Amino acid sequence: MSKFQYPIVKAFVSELRRIFRDPGVTVIFIVATLAYPLIYKAIYWNEQITNVPVAVVDLSNSPQSRDFLHKWNAAPDIQLTYSCTSMAEAEQLLRDQKVHGIIYFPRDFARQLADPLGQAHISLYCDMSSFLYMKAIYLSCNNVMLESMRNIQIDRYENMGVDKNFAWALVQDAPYTETALFTPTGGYGSFLIPAVLMLILHQTLFFGICMLGGTAREENEESYSFSSLIGRASACFVIYYGLAAILLGFFPRLFDIPHIGSIGDILLLIVPYLLAIIFFSLCVSVFIRNRESGLVLLISSSLIFLFMAGISWPKEMIPDAWWYIACCIPYTHGAHAFIHINSMGASLATTGTEYIALWILTLVYFVLASILFYVRKRQNNVF
Amino acid sequence: MLIIFKNIYRVLVRELHMMFARPLYLFASVGVMLLSTFFFLTLMKGGTAENMPVAVVDLDQTSISRRLIHEMQATPSVDIQLITNSYPEARKAMQQGKIYGIFVIPEGFYSDLVAFKRPQMDFYVTNSYTVGGNTAYKQMLTMVNLTSGAFQREVLRKKGLTDDVIMHRIQPLAIEGHMVANPWGNYSVYLVSTILPGILGLICLMLTIFAIGFELKSRTSHAWLRAAGGNYTVAMIGKLIPYTVMYLILGVGCHLILYRFAGFPVYGSTSRLMFGLMLFIFAMEALGITLIGLLPTLRDALSIGALYSMLGFSLSGFTYPQMSMLAPVKALSYIEPLRHYYLIYVNEALMAAPIENSIPHMLALTAFMVASLCVAPRLHRALVYWNYPLK
């Protein structure tokens, strides 16, 4: 019994020693994992985009247009900051980025509204340099438009002699309410930070293991025995389990990031997520010759993993070929599972597909790492 | 004078030998750029999110609710993935990431509708997936307004009104949306235009740190200085020329792919945009020199460089606008060269703004180059005396 266990324990202890003796790895493992979430939280602190400046060009200069602007200005999303006499003036403001949108009322706006058969137009120009400007301007304006439009319709029907209740039934036969589920006040940070937390764990562990592998090779200390595989994996697992528990369990509760999931489920999710990343990284680390090589590749992989996972950009709109590749990366399943549990309150059973996928990846990469280690060991023995 | 050029040439040749002696790093960098370009240009089918899957919960289960669902299914850009009579089932599907929105037709919908009691429909969207949730929200909004209009149209038709008149009745007020400089609302155009130069910048930064730091790590800096005749400036120029040429080729290639082949729009001056990219490349190289000058240990400088350049993607403000960031974070965003490149891009490609608008950002990028001169004494000493921790 002890004969079998002893080399594993030795590999475990020596890996721990190497991690803590290596300031580069310690920085990545501990400082980066703890500092990065704070920085991202600071960047997205305000969550919502409010008071996007908008210029007004009101050629109709009518009570109706003023009423519309008054209602719109009450929306927190935008702020009417400039009143211009011509489109040219407003375009100049947009070009200088003093405003991010323009609303334009044509001269005949009030006349068209007064005409029982007329259709009045409003033109809305949105700065596309950030999609969040467009969202803030367009959606809030659309809501005011719908409300005003219904009032106009009711007035017109009433003028025709239609009963008010019937007119309402005509205009909007079935009104609706809209509710944001799970994270009602959530903004950009609430959406992105859970995905970023998972990415930080994935990438720091990935870099760290590759760096350790590279250093060991540079110093001719590498060992490719099976017990070394298990020992190295368990050393990383032990350190990261604690970090992951802080990051995924504690951090969202401390910094007011959505956290409606069960802590127990999150602690269970961490297990296959870390194991899959560790064996995945150990597979890659076999090919890393020295510490710095391929660092650029590892760094740029962060952006690719994030987008390929189908979180910022919906997974339904990702070509199949990329999606199949994404399914081989632990991050993809881990991030979705964490968002389902943490941000949408799913149970582990509900997000079972992703959970099982993580265990499958763990198994696949464990077998692959064992094979790669075995091959490397035979190669080394030749020399 | 001639001797200076001779020395620069000597350092340059030495550097080329070194570059090709360990091609992995070089190939990795060019490979990353090619892979990223290919990846981001092929990732977003068509560039606009549409047909996000939603669920309909039919608690009414009458002929009219089924007809309503039928009409919704006929609405373009709506993908009804699940029709059920159980709200928990739909909610679970949302928790599993299968759908982004839920539409609930209440019980008694039919009877209330015919009694003109205006039954209330509810729809639910998720915020946990921003693009998916927003798109589903817009789809569902269009869907309810269209179906609501359909009822009105039918009543008015029975009264004998023509479709043209009906249209104005149903929609007496309309918004004409104009998406300035990206009329298709193409997410790919918006995202890739900043992300790819950002990745190129990251490569410039890391490779510059590596090129200089490797001399320090392997203690070959004396040979390097010797080739330069002991002149720090000559040593730097000779070393950076081959890399700079490579970055510029990558930059021009990236521009040609985006603005020629992929057809991304440039409403202003292409040459000024290219000039901005060139300054950005120089600024990232200069930042690399500054970092390795401040931290002459290769691995530390690389780690800090990686953290610094990754933050640039968020701090540049092209996804979450800088105007909504906290004041200290806002201040921090100015020390990210990518922020300045992004603003030059907005001015030149989207706004067709006059050059005065871009000049401050071009000057800011130049300031990064000036800053790298300030670390010259420290870096020079490190090259000569190796006075830094080796590990």
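Which residue in S5(B) is the bridge partner of A:Asp127? B:Val180 takes that place. The model is predicted. The pair belongs to a link between chains: strand S4 (residues 120-127) of chain A and strand S5 (residues 173-180) of chain B run parallel, joined by 8 bridges.

Strand S5 of chain A also pairs across chains. S5(A) and strand S4 (residues 121-126) of chain B are parallel, over 6 bridges. There, A:Leu181 stands opposite B:Thr126.

| Strand of chain A | Strand of chain B | Sense | Bridges |
|---|---|---|---|
| S4 (residues 120-127) | S5 (residues 173-180) | parallel | 8 bridges |
| S5 (176-181) | S4 (residues 121-126) | parallel | 6 bridges |

**The mixed sheet**

S5(A) joins an open sheet of 5 strands, ordered S5(A)-S4(B)-S3(B)-S1(B)-S2(B), with mixed pairing. Its edges are S5 (176-181) of chain A and S2 (79-84) of chain B, each pairing on one side only. On average, neighbouring strands are turned by 20° against each other, direction ignored.

Two helices of chain B pack on these strands. Helix H3 (residues 63-74) touches S1 (53-58), S2 and S3 (101-105) of chain B. The direction of H3 makes about 170° with that of S1(B). Helix H6 (residues 130-158) of chain B lies across S5 of chain A and across S1, S3 and S4 of chain B. H6 runs at about 165° to S4(B).

**A helix pair in chain B**

Helix H10 (residues 232-261) and helix H11 (residues 270-294) of chain B have axes that come within 10 Å and cross at roughly 145°. The crossing is right-handed. From H10(B), the contact includes B:Leu240, B:Tyr247 and B:Tyr259; from H11(B), it includes B:Met274, B:Ile281 and B:Glu285. The contact residues divide into 8 nonpolar, 4 polar and 1 charged.

**Nonpolar cores**

The largest nonpolar core has 233 residues. Which members touch the most others? They are A:Ile137, A:Phe279, B:Ile102 and B:Met206. Helix H8 (residues 187-217) of chain B gives the largest share, 19 residues. Leaving out residues up to four places away in sequence, A:Phe279 touches A:Ala233, A:Thr362, A:Tyr365, A:Phe366 and A:Ala369. Another core, of 5 residues, lies apart; among them are A:Tyr157, A:Ala167, A:Leu170 and A:Val171.

**The contact between chains**

Chain A puts 100 residues into the contact and chain B puts in 89. On the side of chain B, helix H12 (residues 298-315) supplies the largest share, 11 residues. By class, that side has 56 nonpolar, 25 polar and 8 charged residues.

Definitions and conventions
Residues numbered from 1 in each chain as written. Chains lettered and ligands numbered in written order. Predicted model: local features only at pLDDT ≥ 70, side-chain atom pairs only at ≥ 80, totals over all residues. Pairing = 2+ DSSP bridges. Helix = DSSP H or I, 4+ residues; strand = E, 2+ residues; numbered from the N terminus. Axes fitted to C-alpha atoms, helices over the stretch in contact; angles between N-to-C directions. Contact = placed C-beta atoms within 7 Å. Left-handed = near helix turned anticlockwise from the far one by under 90°. Nonpolar A, V, L, I, M, F, W, Y, C, P; charged D, E, K, R; others polar. Core = buried A, V, L, I, M, F, W, Y, C linked by C-beta atoms within 7 Å. Buried ≥ 20, exposed ≤ 12 C-beta atoms within 10 Å, placed from the backbone.
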